[in-house]
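Subject: Structure handover

Hello,

Here is the structure you asked for, with notes on what was found in it. Please open it alongside this message and follow the residue numbers as you read.

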Amino acid sequence: MSTSAPHVIHIGYHKTGSSWFQKHLFPRVRNARFVARAEVRRSLLLPSPFAFDPGMARSGLLAGTDDRLLLSEEELSGNLHTGGLHGGLSKEIAGRLHRSFPDSCIVVFVRNQTTMIASSYKQYIKGGGSQNIRGFLEPSKAPHKIPNFSLDYLAYDGLIGHYESLFGAEKVRVFAYEDFCREPIDFLKRFGDALDLDVELPPVARENAGLRSRTLALMRVLNYFHDREIPNSPTLVHIPGLYGLLRSIAPQLDRLPFMGTIKELPDYLSADEIAAIEDRYRESNARLARRHALPLAEFGYPLPSSCG
């Protein structure tokens, strides 16, 4: 499977369909070897900064071949619940990737921050979180000491610009998650062409639609009674095995007709609160749209009024 085409490294972000691509598309690529996520994590994420060896990471993932590699792991952009450790881990991993695989194309998916925040909060509850959304979004007073979800993490152009400085702007490809959702097959054809991926396109069906409002509310209350390690999640008392039980029964509960609807950000926050959040991202999104010719206005991303 040797090829002169660059390796492809998909770094996320979270909540942009990464699991679907890892499950359905990337294993079908014929001209690159899709590497298991466990191997990617073991080689690129787990070593400490002072123990990381780029030569070992490269040789371990190549496994004695000259294959073109396809790596996909959304944690490469940083953990969702910690804001990439105040951005430090996100930047560290970018450097690791460049030192290990400078001959690579970096793939990034972004998502409208308003839907991203709502999806992230629901993921926080599913993962064991117990705060309401304002407690979830409240910035840490010492982010360098206490990891927490960070609104700064979703100002995408900072990390993307860093990757451009390392790999070159022509090697960083940015895609809008909403573009994939709007016309999946057409998008996948363009995606494959842009990255020189020879792939038989799979059928596309929506997955992981999310739990409904009353299911999530019940989980959030019960999350006070286990101590699964998730940042910014107070615990009253630990009941062994409760978290696993919640994760197993929540999908069954969600099928009941009275479990409510799927909430979006306006169901959680006031219009003024959402406007303040959107203001954080307008200039960042405008820079990203210009640099990568992304139709972010079509998908309702926060942008300066002159760009709308």
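The largest cavity holds about 30 Å³ of space. Please keep in mind that the model is predicted. The structure has one cavity of 30 Å³ or more. Its lining consists of Thr215, Leu218, Met219, Leu246, Ile249, Ala250 and Leu253. Helix 11 and helix 12 are the elements that give two or more residues to this lining. Helix 12 supplies the largest share, four residues. By class, the lining of the largest cavity has six nonpolar residues, one polar and no charged.

Helices 11 and 12

Which way do helix 11 and helix 12 run relative to one another, roughly parallel or roughly antiparallel? Helix 11 covers residues 213-222 and helix 12 covers residues 242-254; they pack at an angle of about 165°, with their axes 10 Å apart. An angle over 145 degrees counts as roughly antiparallel, so helix 11 is roughly antiparallel to helix 12. The crossing of helix 11 past helix 12 is right-handed.

On the helix 11 side, the contact uses Thr215, Leu218, Met219 and Leu222. On the helix 12 side, these meet Leu242, Leu246, Arg247, Ala250, Leu253 and Asp254. The residues of this contact divide into seven nonpolar, one polar and two charged. Several names appear both here and in the cavity lining: Thr215, Leu218, Met219, Leu246, Ala250 and Leu253 take part in the contact and also line the largest cavity.

Helices 6 and 11

Helix 11 also packs with helix 6, which spans residues 113-126; the two axes come within 9 Å and cross at roughly 50°. Angles between 35 and 65 degrees fall outside the parallel and perpendicular ranges, so helix 6 is oblique to helix 11. The crossing of helix 6 and helix 11 is left-handed. From helix 6, the contact is made by Tyr121, Lys122, Ile125 and Lys126, and from helix 11 by Leu216, Met219 and Arg220. By class, the contact of helix 6 with helix 11 has four nonpolar residues, no polar and three charged. Met219 is worth finding on screen: Met219 is part of the contact with helix 6, part of the contact with helix 12 and part of the lining of the largest cavity.

The second largest pocket

How many residues line the second largest pocket? The volume of this pocket is about 500 Å³, and 27 residues line it. The closest to its centre are His86, Ser150, Leu151, Asp152 and Tyr153. The elements that give two or more residues to the lining are helix 4 (83-86), helix 5 (88-100), helix 7 (133-137) and helix 8 (156-167). Helix 8 gives the most, with three residues. The lining of the second largest pocket has eleven nonpolar, eleven polar and five charged residues.

The loop between strand 1 and helix 1

Two backbone details remain. A cis peptide bond, with omega of about 10°, joins Gly12 and Tyr13. Tyr13 sits in the loop between strand 1 (7-10) and helix 1 (18-25). Lys15 is also placed in the loop between strand 1 and helix 1. Lys15 is not a glycine, yet its phi is positive, at about 60°.

Regards

Key:
Residues are numbered from 1 along each chain as its sequence is written. This is a predicted model: local features need pLDDT of at least 70, side-chain atom pairs count only at pLDDT 80 or more; totals for chains, interfaces and linings use all residues. Side-chain values use heavy atoms; hydrogens and water are left out. Axes are lines fitted to C-alpha atoms, for helices over the stretch in contact, and angles run from 0 to 180 degrees between N-to-C directions. Angles under 35 degrees count as roughly parallel, over 145 as roughly antiparallel, 65 to 115 as roughly perpendicular and the rest as oblique. A crossing is left-handed if the near helix is turned anticlockwise from the far one by less than a right angle, and right-handed if clockwise. Contact means heavy atoms within 4.5 Å. Ala, Val, Leu, Ile, Met, Phe, Trp, Tyr, Cys and Pro count as nonpolar, Asp, Glu, Lys and Arg as charged, and the others, Gly among them, as polar. On a 1 Å grid over the protein atoms alone, a cavity is a set of points where a 1.4 Å probe fits but cannot get out, and a pocket is an open set with protein on both sides within 12 Å along at least five of seven lines; lining residues have an atom within 4 Å of a point. Grid points are joined across faces, edges and corners, and a volume is the space filled by probe spheres set on the points.
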